[in-house]
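User: Could you walk me through this model? I would like to look at salt bridges and enclosed space.

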Amino acid sequence: MSKNVEDCLATIRARAGAEPVRLGLILGSGLGHLAGAVEGVAIPYADLPGFPHVGVSGHNPNLVIGDLEGVRVAVFGAREHYYENGNPSAMRLPLTVLQALGATALLATNAAGSLRPDIRPGDLMLLNDHINFSGLNPLIGEKTDARFVPMTTAHDADLRQALKSSAAAEGVALPEGVYAWYSGPSFETPAEIRAIKILGGDAVGMSTVPEVILARFLGLRVAAISTITNMAAGMSDEQISHEHTKAMAPLGAAKLERVLRHFLRSLR
Ligand code: HPA
């Protein structure tokens, strides 16, 4: 275990106690306030060696350890995106710490643009697969054979079923679809969106895929949910912008919180 991971674990255990965590949750753009729903201890990333220095507005760079609906969780209030520093493995250390805290699963959330006319701004989409449209990989440079991670069942079928049951119980539509990872930080062109559509993408965003790969590398089960903030480029007259993303994310966030709380209660 690296010195940074050991130091992070020591800090987290000193401040939040040594009880194992069950689940990690990464909050996407405009969803950072969900961290406030957790009864627990917020630890600034700045106090955790090797954690990213996140500079994207709409994110909350704290690790919150505590209880949500009676389940011990670790909530990452912010992620480092590839487009910030060109590092696709920026979330490797935080996810390694999550696994060392005892978590067996990761639920990643993000804001995304929809390519599907039936999935609109304010809706949620459960990822049943993804396309690495960026061609980047967070495991490049990993020297062990563990780098050859199978991705056939990366988006865990049991977790997806549980999330769909929770959504149904809450009366929230949770269609499944394929998420394409675009590097950003510029948004896509309409031609790129048409290309992603032909390739089989249903939503597009600038995150999550590196974390899914890293989490599978670490042996965590994974599920991911997008909050749709806009129709993808060329699909509507609306101007796409980060301001718009932040303004629209809370629409989906309220639904996401209900699904998440129900899902956590089902784990008790
Ligand atoms: N493209 C990429 N990332 C996004 C989008 C989009 O349309 N909306 C929110 N995040």
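User: Happy to start with E176: is this residue buried, partly exposed or exposed?

Analyst: Good place to begin! This is a predicted model, where local features need pLDDT of at least 70, side-chain atom pairs count only at pLDDT 80 or more, and totals for chains, interfaces and linings use all residues. Residues are numbered from 1 along each chain as its sequence is written, and side-chain values use heavy atoms, with hydrogens and water left out. Buried means under 20% relative accessible area, exposed over 50%, and partly exposed in between (1.4 Å probe, protein chains only). With a relative accessible area of 24%, E176 is therefore partly exposed.

User: Which residue forms a salt bridge with E176?

Analyst: A salt bridge here is a side-chain nitrogen of Lys or Arg within 4 Å of a carboxyl oxygen of Asp or Glu. For E176, the closest N and O atoms of the pair are 2.8 Å apart. The partner has a relative accessible area of 17%, so this residue is buried. That partner is R160.

User: And which residue does E142 meet in a salt bridge?

Analyst: E142 is buried, at 11% relative accessible area. Its partner is partly exposed, at 27%. The N to O distance is 2.7 Å, and the partner is R92.

User: How many salt bridges are there by this rule?

Analyst: Among them is the pair E69 and R265, at 3.3 Å from N to O. Both belong to a network that also links E170, E257, R258 and R261. The count comes to 16.
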